[in-house]
Amino acid sequence: MLQAVEIKKGVYWVGAIDWNIRDYHGYTLPGTTYNAYLVVGEKTALIDGTYPGHEWQLIERIESVMPLKKIDYIVANHVELDHSGSLPILTKKLPNIPVYMTEIAKKGMARHYDTSEWNIHTIKNLETLPLGGKTLTFLEAPFLHWPDSMFTYLGEDKILFPNDAFGQHIASSERFDDELGFDIALEHAAKFVANLIVPLSPKVLKKLGEVTDLGVPIEMIAPSHGIIWRSHAADIINAYVNWSNGVAKNKITIVYDTMHHSTEKAALYIAEGIMSRGVQVKFDLLKDGRYEGVHRSDVVRDVLDSKAVIVGSPTLEDYPLPTVAGFLYYMAGIRPGKQTQKKIGFAFGSNGGKGGAPAVITELMKKAGIQIWHEPVEFNYRPDEGEKKMFFELGQQIAEEVKKMP
Ligand code: FEO
């Protein structure tokens with residue numbers, strides 16, 4: 001039988017583990033969890049839920065603690081289906097149960113479900129819900145990461161339930177940071193941030209500032225995906241501040257695709273030049289049906305703490321290869337330039353005729369907020385001896401530039 005996990009006295013993890021999911025709207029993942037929490041005072045509240053199809057895990061874990069019917073309130077921190085997907089079944093099994101959410105979430109829920117029979121209570125910012133011995137406080141968190149989002153804080157136990165924020169997509173038998181290992185948890189959190197949170201960097205900094213101003217102590221962060229931060233709550237908050245500020249390493253990501261290994265050859269010379277100056281290189285051939293490569297959701301994780309991004313593609317009918325174009329549109333949406341500290345970069349590639357891809361790449365890099373450090377660099381067919389030297393020296397020069405950046 002599935003069991004709840006008591007994370008603090010009277011507070012239980014009752015989520016679902018989705019061991020087999022490998023893609024979530026274009027983000028590759030080694031499984032995930034849909035975390036939900038039961039807070040038991042004199043009254044009981046259920047915070048968050050699961051993706052449709054996983055409700056049975058939630059219900060079975062709740063019933064390892066108490067009969068489902070004993071729940072008095074549901075708190076829905078976020079509309080997205082991976083958390084609200086259990087509401088249709090729960091509101092049917094628990095008719096008239098009050099469901100707490102933001103006003104915007106109420107409208108969003110009605111776009112997803114028939115909510116005509118739901119007993120929705122829309123919260124005001126900082127409204128409290130006393131459960132008797134445990135008190136929930138609701139903090140609106142618009143655009144972290146959807147307009148409807150809110151955080152829930154449990155004062156007596158100093159636990160923040162921030163839904164997606166501070167989450168990680170990982171399925172594991174471990175429920176806590178110190179069980180999984182902080183470095184592993186941090187790496188999964190970094191990928192989550194790189195793909196989902198970076199465009200919201202200014203809002204993250206503002207919200208974290210507001211929470212600090214409230215003066216509420218946070219000893220545990222219980223997000224809606226992945227492990228719970230109980231030993232490293234302060235560390236993950238610091239990491240979010242650094243990621244949102246764009247704090248990066250002396251590291252350069254080269255991302256490219258290649259037709260006949262010519263653009264790849266240029267990429268290799270650039271990488272050699274960078275390495276010769278002691279700067280770290282991530283060398284990402286984009287994933288395609290032709291080879292394993294690196295998925296775009298992993299490339300943006302590399303970009304997260306790189307000071308520079310160099311993008312290469314040969315020209316195919318005036319444009320970059322579709323892999324590179326797809327990556328650039330993805331990165332333009334994420335906009336690493338939203339981080340406080342900027343990133344630099346340039347585009348390069350081989351052509352077999354009039355070319356043009358590096359110029360197109362350059363424009364899309366600008367849309368992503370990358371500061372263009374060098375004009376687009378093109379060469380015909382294979383790089384000759386002079387061009388090999390040029391690419392090697394470009395690598396050296398951008399490495400030196402990166403070392404000067406904060
Ligand atoms: Fe995990 Fe925005 O949903």
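This report describes a sheet and two helix packings in a predicted model.

## The seven-stranded sheet

Seven strands make up an open sheet in the order E1-E2-E7-E8-E9-E10-E11, and the pairing within this sheet is mixed. Its edges are formed by strand E1 (5-8) and by strand E11 (119-122), each of which pairs on one side only. On average, and with direction ignored, neighbouring strands of this sheet are turned by 25° against each other.

## Pairing around strand E7

Strand E7 (residues 37-40) can be followed from one neighbour to the other, beginning with strand E2 (residues 11-13), which pairs with E7 in the antiparallel sense over three bridges. Within this pairing, Tyr-12 has Leu-38 of E7 as its bridge partner.

With strand E8 (residues 44-47), strand E7 also pairs in the antiparallel sense, here over four bridges. Val-40 has Thr-44 in E8 as its bridge partner, and the connection from E7 to E8 is a hairpin that passes through three residues.

## A helix across the sheet strands

Helix H4 (residues 103-112) lies across two strands of the sheet, namely strand E10 (98-101) and E11, and the helix runs at about 115° to E10. Of these two strands, E11 is an edge strand of the sheet, whereas E10 stands between E9 and E11 in the strand order.

## The packing of H10 against H11

Elsewhere in the chain, helix H10 (residues 296-304) and helix H11 (residues 322-334) have axes that come within 10 Å and cross at roughly 50°. An angle of 65 to 115 degrees would count as roughly perpendicular and one under 35 degrees as roughly parallel, and because the crossing falls in neither range, H10 is described as oblique to H11. The crossing in which H10 passes H11 is right-handed.

On the H10 side, the contact is made by Arg-296, Ser-297, Val-299, Val-300 and Val-303, while H11 contributes Phe-327, Tyr-330, Met-331 and Ile-334. Taken by character, the residues of this contact between H10 and H11 divide into seven that are nonpolar, one that is polar and one that is charged.

Terms used: Residues numbered from 1 in each chain as written. Predicted model: local features only at pLDDT ≥ 70, side-chain atom pairs only at ≥ 80, totals over all residues. Heavy atoms only, no water. Pairing = 2+ DSSP bridges. Axes fitted to C-alpha atoms, helices over the stretch in contact; angles between N-to-C directions. Contact = heavy atoms within 4.5 Å. Parallel < 35°, antiparallel > 145°, perpendicular 65-115°, else oblique. Left-handed = near helix turned anticlockwise from the far one by under 90°. Nonpolar A, V, L, I, M, F, W, Y, C, P; charged D, E, K, R; others polar.
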